[in-house]
Number of protein chains: 2
Amino acid sequence: MSIDGQLPPKARLLRAAAELLANSGGSAVSTRQITQLAGVTAPTLYHHFGDKEGLFDAVVAAGFDEYVAGERDFAPSGQPLEDIRRMWDNHVQFGLKQPELYLVMFGNIRPESRPAIVADAEALMEEMLNKAAVSGQLNVPPKEAARSILAANVGVTLMLIAEKVPERNLELSAMTRDAMIFAVSTEQARNNGSDDSGKSSVVVAAIALNAALQASHSDQLSSSELKLFLEWLHRISTS
Amino acid sequence: MSIDGQLPPKARLLRAAAELLANSGGSAVSTRQITQLAGVTAPTLYHHFGDKEGLFDAVVAAGFDEYVAGERDFAPSGQPLEDIRRMWDNHVQFGLKQPELYLVMFGNIRPESRPAIVADAEALMEEMLNKAAVSGQLNVPPKEAARSILAANVGVTLMLIAEKVPERNLELSAMTRDAMIFAVSTEQARNNGSDDSGKSSVVVAAIALNAALQASHSDQLSSSELKLFLEWLHRISTS
DNA sequence: CAGTTCATATAGCGTTGCTATAGGTGCTAG
DNA sequence: CTAGCACCTATAGCAACGCTATATGAACTG
């Protein structure tokens, strides 16, 4: 009934915390449970991780690697918007497969304190949206699009987790997902069709150029020139 | 430093809990703080509310009345989709004005346990969407639309709460809001324009009829007939 | 006036996150 | 080979937590 692979105590603590978290069924996990399962006493935990939240952050960091791995595996399909769609689904699946871990990662909200992991997830989403922007498929700057899509993605996942398993309807996820992706994509990207439904093409061009510049680290402009240039572009794209 | 308006202890507990929650700044609020501020001892709390969560539920119920009042005041504009838009904004404003209360209401997620308040908020949203459905402005059954919009609405609000006040950008809310409303509305509703962008008109008609039937309590059909009829309509609307 | 019910208080249980202090272990320097 | 030092872990226990067994007072009801 204890974790013992002769691993160092730090690793045993991580493993014990992760295991207890996964099987807690939503109820809280105490440091005493963790240290007992790890075969270690309390001060060891605080020596390595500072406090309980520090240990949980470490568990989350490991969980995030797994999350990112899932996101990256599906990446290169050639169609950026299709990748975003898979990214959304992978996010939801991750949350439903490990709800407790997900709740620690994305459900532990406190006013004015943004967990590092949210910023990481946002950056990941933005990076992928950048590819769409470069090829002129984005209606909106990648940063704003990423924040918006991620917010909806988290909201849907939290709502699904709160529901009882037999009642979970993934249609909710699919519908919200398509709504968000549709909203940020250009008409061209939607069906290789005609014009851009009211969005002037100069704006779309500015967004694409902006993304391309940030991605390519062009050295045609000095860093201060580039900064100003990007600022203008951003102002155009968000107007 | 205590709440004393000679109110009965039950009311004093509610008021003390609400006040401490509002000023907690995100950190936890203990039963001891609450009972001390209310000028009452511990067993009184448990006599009236069962446990800590029971007390918080009661506070939330009061907060929800305030929330609903805000939602209903803006209601009758004649344009249901515009009302949904205001409902969304009111939801976000409520969350940003009282973040701690909001987090207890919508941010306290646990696996497979849906707080009653979420169902209430969903019902409120659905009721409003029904009006849109009756006049053929809805692309999707009201129930599904309500769940989807609410999920995104909560996700955005939580994300904004987690951000530091000076960095909170309401554009995130507006953008996500319009994306969701756009996605559930018919082409006709969007700009009183032409056709329905691929959505067959029989589906839209079925959705509108479905909503109208549920709203009017028609007695042309027996209750069992009505039930079956509604089931068919729902099947058509979601196909 | 006796009996019952409701509301509050006294005192304390078990658990929580965390720590002051001390002891053991393995490395490197002389 | 040993002295010293840095690192790691354990003993023991504190203050705060949610909650409750039990008792006392007050207010109706027969």
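This is a short tour of a predicted model, going from the interface of chains A and B to one loop residue in each chain.

Begin by selecting chain A and chain B together and displaying the contacts across them, where 35 residues of chain A are in contact with 35 residues of chain B. Next, restrict the selection to the side of chain A that touches chain B, and colour helix 6 (99-106), helix 8 (142-162) and helix 9 (170-184) of chain A, which are the elements that give two or more residues to that side. With these helices in view, keep helix 8 of chain A highlighted, since the largest share of this side, 12 residues, comes from that helix. If you then recolour the side of chain A that touches chain B by residue class, you will find that its residues divide into 20 nonpolar, six polar and nine charged.

Now leave the interface view and select Glu112(A), which sits in the loop between helix 6 and helix 7 (116-134) of chain A. What is the phi of Glu112(A)? A backbone readout should give a positive phi of about 60 degrees, although Glu112(A) is not a glycine. As for its surroundings, Glu112(A) is partly exposed, because 15 other C-beta atoms lie within 10 Å, which falls between the limits of 12 or fewer for exposed and 20 or more for buried.

Finally, move to chain B and select Glu112(B), in the loop between helix 6 (99-106) and helix 7 (116-134) of chain B. The phi of Glu112(B) is positive, near 60 degrees, in a residue other than glycine, and Glu112(B) is partly exposed, with 15 other C-beta atoms within 10 Å.

Methods
Residues are numbered from 1 along each chain as its sequence is written. Chains are lettered from A and ligands numbered from 1 in the order in which they are written. This is a predicted model: local features need pLDDT of at least 70, side-chain atom pairs count only at pLDDT 80 or more; totals for chains, interfaces and linings use all residues. Two residues are in contact if their C-beta atoms, placed from the backbone, lie within 7 Å. Helices (H or I, at least four residues) and strands (E, at least two) are DSSP runs, numbered from the N terminus. Ala, Val, Leu, Ile, Met, Phe, Trp, Tyr, Cys and Pro count as nonpolar, Asp, Glu, Lys and Arg as charged, and the others, Gly among them, as polar.
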